[in-house]
2 protein chains.
Amino acid sequence: MPVILDPIDRHILRVLQRDGRISNVDLAKEVGLSPSPCLRRVRLLEEAGIIDRYVAVLDPAKVGAGLTVFARVWFKTQDAEVTLRFAEAVRRFPEVMECYLTTGECDAVLRIVTADLHSYWRFQADHLTRIPSVLSVKTDVPMETLKRSFELPLG
Amino acid sequence: MPVILDPIDRHILRVLQRDGRISNVDLAKEVGLSPSPCLRRVRLLEEAGIIDRYVAVLDPAKVGAGLTVFARVWFKTQDAEVTLRFAEAVRRFPEVMECYLTTGECDAVLRIVTADLHSYWRFQADHLTRIPSVLSVKTDVPMETLKRSFELPLG
DNA sequence: AGTCCTGCGCAATGAGCTTGCGAAGCATCC
DNA sequence: GGATGCTTCGCAAGCTCATTGCGCAGGACT
C-alpha cells in the first residue's frame, strides 16, 4: 500500500505539476522511458492518490476574480460544534478557495477570491460575519502577487 | 483582444477546472457542442491567457509536504529596493508556494509548505529570517484543512 | 544454478485529436 | 427588403496518441 517513489516517479511528478496535459509519449521521452511503462507509472501514482487530480488553472484577473483576500477568523467558542458548523458554512461559498483551522493567534485562515474590494466587503458583511461561529475577522489584502506556484517540492 | 465569455465558455472553464484532463469529445458532450468547435474554444481560451496552464495536483501528505504554514512578514523599511530583493529571495525557495505583498497589518503573506513543523522552523530560521529585508515573522499553523479548492467562481 | 518476481520495450488495435471545408444563422448596408 | 459579409457550427479524413497483451532481461531468494 505505501507506494515508494523512485527518482523516475519524482521526475514524472515534477513534469506533471508543470504541465498536467503533456502527452504520454512526450512525458516518457522527458523521463527516459518508453510510453508503456511511463503510462503504467502514472496510473499507479493516480490510483495511490499521490496524483489527486488534474485541473486547469485560470487567470483570476481575466475571469472577474481579481482580488485575493486572506481573512483570519476568531471563533466565539472553541468546541467541536462550532468548527463543524463553520466548516459546513464555508464549504458552500465558492468565494472561499481555501480554509484552514489553525492554532495560535487565530482560529481559522481563509483565502477568499472576489472581483474587487467592493465585492469582498459585501461578502464579509453579508456572509462571513453572519456565520454564528464567527466572533471577529481580520483581513490581509494583497496588492501584488509575487509568486503563485502549484509545484510541491519533491526532495 | 478582450475575449468575451459566453455561457458555453464559462461552462467549459467550469468543467476544465474540475478535470483538466477530460478528453475533448467528453468535454464537447458536456457543454453541448461537437468536438471541433469545442476544441477551438478551448484553444482560444488558452491563447487569451484565460486558461493559464494545466497542472497535476498532488496529495501534499503523500509526497512529504504535509505541513502548510502561513507566514506574515514585516519589512524593515518600505522602499522598492526592499520588496524587490525580498521577491527575488522568495522566488528561489520551492517551499514558498505563494507570496503576496499586502497593505494593512503586515507587509507580506506567504504560504509555505514543508514536511513537518521541524522542517518549517529550520526553514524559517535558516532562510526566511535571514532575508535582509525581513524584520519579523508571525506564523499561523493550520491543524486541519477544511477546504482546498482550485475552482474560481465564474459568475 | 534454477525459479520467481518485478519492470522494461515492442507491437497492434482502437480511440481521440486536428484541420479543412461547406452550410446555417445573424447583423449590416445598400 | 434582399444581398453581402462575418461568425460559428457540424462533418469527414488523416494522423497521432493511448492502451493492452506479450516476451524478455535483470535481481533476489532458495
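Let's start with the surface near DNA strand C: its residues divide into four nonpolar, five polar and three charged. Keep in mind, everyone, that this is a predicted model.

So who is there? From chain A we have Leu33, Ser34, Ser36, Pro37, Arg40 and Arg41 around DNA strand C. Chain B brings Ser23, Asn24, Val25, Ser36, Leu39 and Arg43.

Which part of the DNA do they meet? Taking the atoms of DNA strand C within 4 Å of the protein, 68% belong to sugar or phosphate, and the rest belong to bases.

A few phosphate contacts are worth finding on your screens. A polar side-chain atom of B:Arg43 sits 2.6 Å from a phosphate oxygen of DNA strand C. With A:Ser34 it is a backbone N or O atom, 2.8 Å from a phosphate oxygen of that strand. And B:Val25 has a polar backbone atom 3.2 Å from a phosphate oxygen of DNA strand C. Looking at elements, two or more residues of this surface come from each of α3 (35–47) of chain A, α2 (24–31) of chain B and α3 (35–47) of chain B. Which of them gives the most? That is α3(A), with four residues.

Now, let's move to the spaces in the protein. How many cavities of 30 Å³ or more are there? The count comes to one, and about 60 Å³ of space lies in it. Its lining takes A:Phe70, A:Ala71, A:Arg72, A:Val109 and A:Asp140 from chain A, and B:Phe70, B:Arg72, B:Val109 and B:Asp140 from chain B. β2 (67–75) of chain A and β2 (67–75) of chain B each supply at least two of the lining residues, with the largest share, three residues, coming from β2(A). By class, this lining has five nonpolar residues, four charged and no polar ones.

On to the pockets. The largest has a volume of about 760 Å³. It is lined by 48 residues, and those closest to its centre are A:Glu98, A:Arg111, A:Phe150, B:Glu98 and B:Arg111. The whole lining divides into 29 nonpolar, 10 polar and nine charged residues.

Last stop: the second largest pocket, with about 170 Å³ of space. Both chains line this pocket, chain A with residues including Arg14, Arg18 and Lys147, and chain B with Pro94, Val96 and Met97. Here α1 (7–18) of chain A and β3 (96–103) of chain B are the elements that give two or more residues. Six of the lining residues are nonpolar, two polar and four charged.

Thanks, everyone!

Terms used
Residues numbered from 1 in each chain as written. Chains lettered and ligands numbered in written order. Predicted model: local features only at pLDDT ≥ 70, side-chain atom pairs only at ≥ 80, totals over all residues. Heavy atoms only, no water. Near = heavy atom within 4 Å. Polar contact = N/O pair within 3.5 Å; in protein donor to acceptor, adjacent residues only side chain to side chain. Nonpolar A, V, L, I, M, F, W, Y, C, P; charged D, E, K, R; others polar. 1 Å grid on protein atoms, 1.4 Å probe; cavity = no way out; pocket = protein on both sides within 12 Å on 5 of 7 lines; lining within 4 Å. Points joined across faces, edges and corners; volume = space filled by probe spheres on them.
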